[in-house]
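Here is a short tour for a reader new to this protein. Keep the sequence and the 3D view open while reading.

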Amino acid sequence: MSLADPVLTLADLKRQSFTGTALAVLGHPIQHSLSPAMHNAALAELARIHLEFASWHYYKFEVQPDELPGALDLFHARGFRGLNLTVPHKVIAFAHLKPAAPAVRMIGAVNTLLRKESGGWEGYNTDGYGLTMGVREDLGITLGGMPIILLGAGGAARGAGVECLQCPCASLWVANRTRAHLDALLDVLRPLAGKVPLHGFDPQAPPADLPAGALVINATSAGLRPDDPPPVDLKRLPRPAGVYDMIYNPPATLLLRQAAALGLPCANGLSMLAHQGAKSLEIWSGASAGRTAPTMLRAARAALGSS
Ligand code: NDP
C-alpha cells in the first residue's frame, strides 16, 4: 500500500465488508499517513513465515473529531482488531476509554486501541516507546540518566515528558512559546518528577544554568512548514549531546540543519514513527516490535520517497 491508497470513510465502513483481520488508522486529515505502508509491509513479511498474517490488512480512515465516539463503536461492531489514532483523536478518544496502563492515564492520550471481546477498546500509548527506541537507534543516546531539553507543550511533548521522567532522565528542561501551555504541562509532569529536577523556560530567553551535554528533543510543530523558524536557537544553548526532531516530513527542519551545521549528532522522527508502529502491531498480534520495526522503517522511507 502507498500514500496513494484509498482514504476510506465511515460510509465505506458501513457499506464494505472487511474480511480477515482488519486494522486501521483514524485521523483528520489522514491522506498522508505512513502507517498503512508501514503496517502492511510488516504484515506481508510476517505472512512469509506465519500464514495467518496473510489475511491481516491495515486501512486508513478519514474521521472527523465529532464522529469519533460513534466511529469507535462502529469499528468494534465491524470486528476490527486494532486501531491507531492520530491527530486530533489521541486526546478525544482518551475521554471515551478505560486506559490499560497508568502511564496512559498520565499522558492523557492514546494512539493504539485493542479490541476487547467483552465490548469496547483497551487504550495504549506507544509514542514514548517509539521515542526511546528512535533516540537510542539514531543517536546512540539512552534517555535514562540524560539531561533533556524538551521543546513544546502539546500532546507529543506531554508523552515525551512522561517518558523522560519515567526513565528517569537526569533533569528535564521544558521550553514553549506560550507560557500558559508550558505551565499546564509542568503541572502535569511535576507529580512524576520525584527527585528529577524539572524546569520550564522561554525558548527566546534560555537561562544561563541550562546543562551542557543535554539531549534536545523537538516536540513542537515548528518545522512542519519549510519556512518555520526553529523553535530555539541552538547557538544560545550550552553545547548539546544531540538533537532529535520528532518531525520527519520535511526530513530536515531548520533546527536539524542548524544542528548539523554545528556538528551535533541529530536525527528526525522517522525512527520514532516506525518504533511506535511496531509496538502497536505487537499489541495487536504478539509479533515482537524489535522484529517488525526495521521493515516499518524501510517502508516509511520508501513511502516518503514516493509521495
Ligand atoms: P500539538 O498541536 O498538540 O502541539 C504543538 C506544539 O508546537 C505546541 O507546543 C505549540 O506551542 C508548538 N508550536 C506550534 N507552532 C510553533 C511555532 N511556529 N513556533 C514554536 N512553537 C510552535 O501537536 P503535537 O504535540 O501532537 O505534535 C507536535 C509535533 O510532533 C508535530 O510536528 C508532530 O508531527 C510530531 N509528532 C511526531 C511523532 C513521530 O512519531 N515522529 C509522533 C507524534 C507527534 P504553543 O503552545 O505556543 O502553541
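The report below covers the domains, a sheet with its helices, a pocket and two peptide bonds.

## Two domains

This is a predicted model. The chain is divided into two domains. Domain 1 takes in residues 10-126 and 271-306. Domain 2 spans residues 142-264. Their centres, taken over C-alpha atoms, are separated by 28 Å. The contact takes nine residues from domain 1 and 10 residues from domain 2.

## The six-stranded sheet

One open sheet holds six strands. Their order is E9-E8-E7-E10-E11-E12, and the pairing is parallel. Strand E9 (198-201) and strand E12 (266-268) stand at the edges. Each has a single partner strand, so one side of each is left without a neighbour in the sheet. On average, neighbouring strands are turned by 15 degrees against each other, direction ignored.

Look next at one pair inside this order. Strand E10 covers residues 215-218, and strand E11 covers residues 242-245. The two pair in the parallel sense over four bridges. One residue to find is asparagine 218, whose bridge partner in E11 is aspartate 245.

## Helices on the sheet

Helix H6 (residues 127-139) packs on the sheet. The strands that H6 touches are E10, E11 and E12. The direction of H6 makes about 130 degrees with that of E11.

Helix H8 (residues 179-193) lies across strand E8 (171-175) and E9. H8 runs at about 175 degrees to E9.

## The second largest pocket

The second largest pocket has a volume of about 170 Å³. Its lining has 13 residues. Nearest the centre of this pocket lie Ala103, Ile107, Asn125, Thr126 and Glu163. Four helices each give two or more residues to the lining: H5 (102-107), H6, H7 (155-166) and H10 (270-285).

What kinds of residue make up this lining? Seven are nonpolar, four are polar and two are charged. The lining also draws on both domains, with at least three residues from each of domain 1 and domain 2.

## Two cis peptide bonds

A cis peptide bond joins valine 87 and proline 88. Omega there is about 0 degrees. Proline 88 lies in the loop between strand E3 (82-85) and helix H4 (89-94).

Another cis peptide bond joins cysteine 167 and proline 168. Here omega is about -10 degrees. Where is proline 168 found? Proline 168 sits in the loop between H7 and E8. H7 is one of the helices that line the second largest pocket, and E8 is one of the strands that H8 lies across.

Methods:
Residues numbered from 1 in each chain as written. Predicted model: local features only at pLDDT ≥ 70, side-chain atom pairs only at ≥ 80, totals over all residues. Heavy atoms only, no water. Pairing = 2+ DSSP bridges. Axes fitted to C-alpha atoms, helices over the stretch in contact; angles between N-to-C directions. Contact = heavy atoms within 4.5 Å. 1 Å grid on protein atoms, 1.4 Å probe; cavity = no way out; pocket = protein on both sides within 12 Å on 5 of 7 lines; lining within 4 Å. Points joined across faces, edges and corners; volume = space filled by probe spheres on them. Nonpolar A, V, L, I, M, F, W, Y, C, P; charged D, E, K, R; others polar. Domains from an automatic or database assignment.
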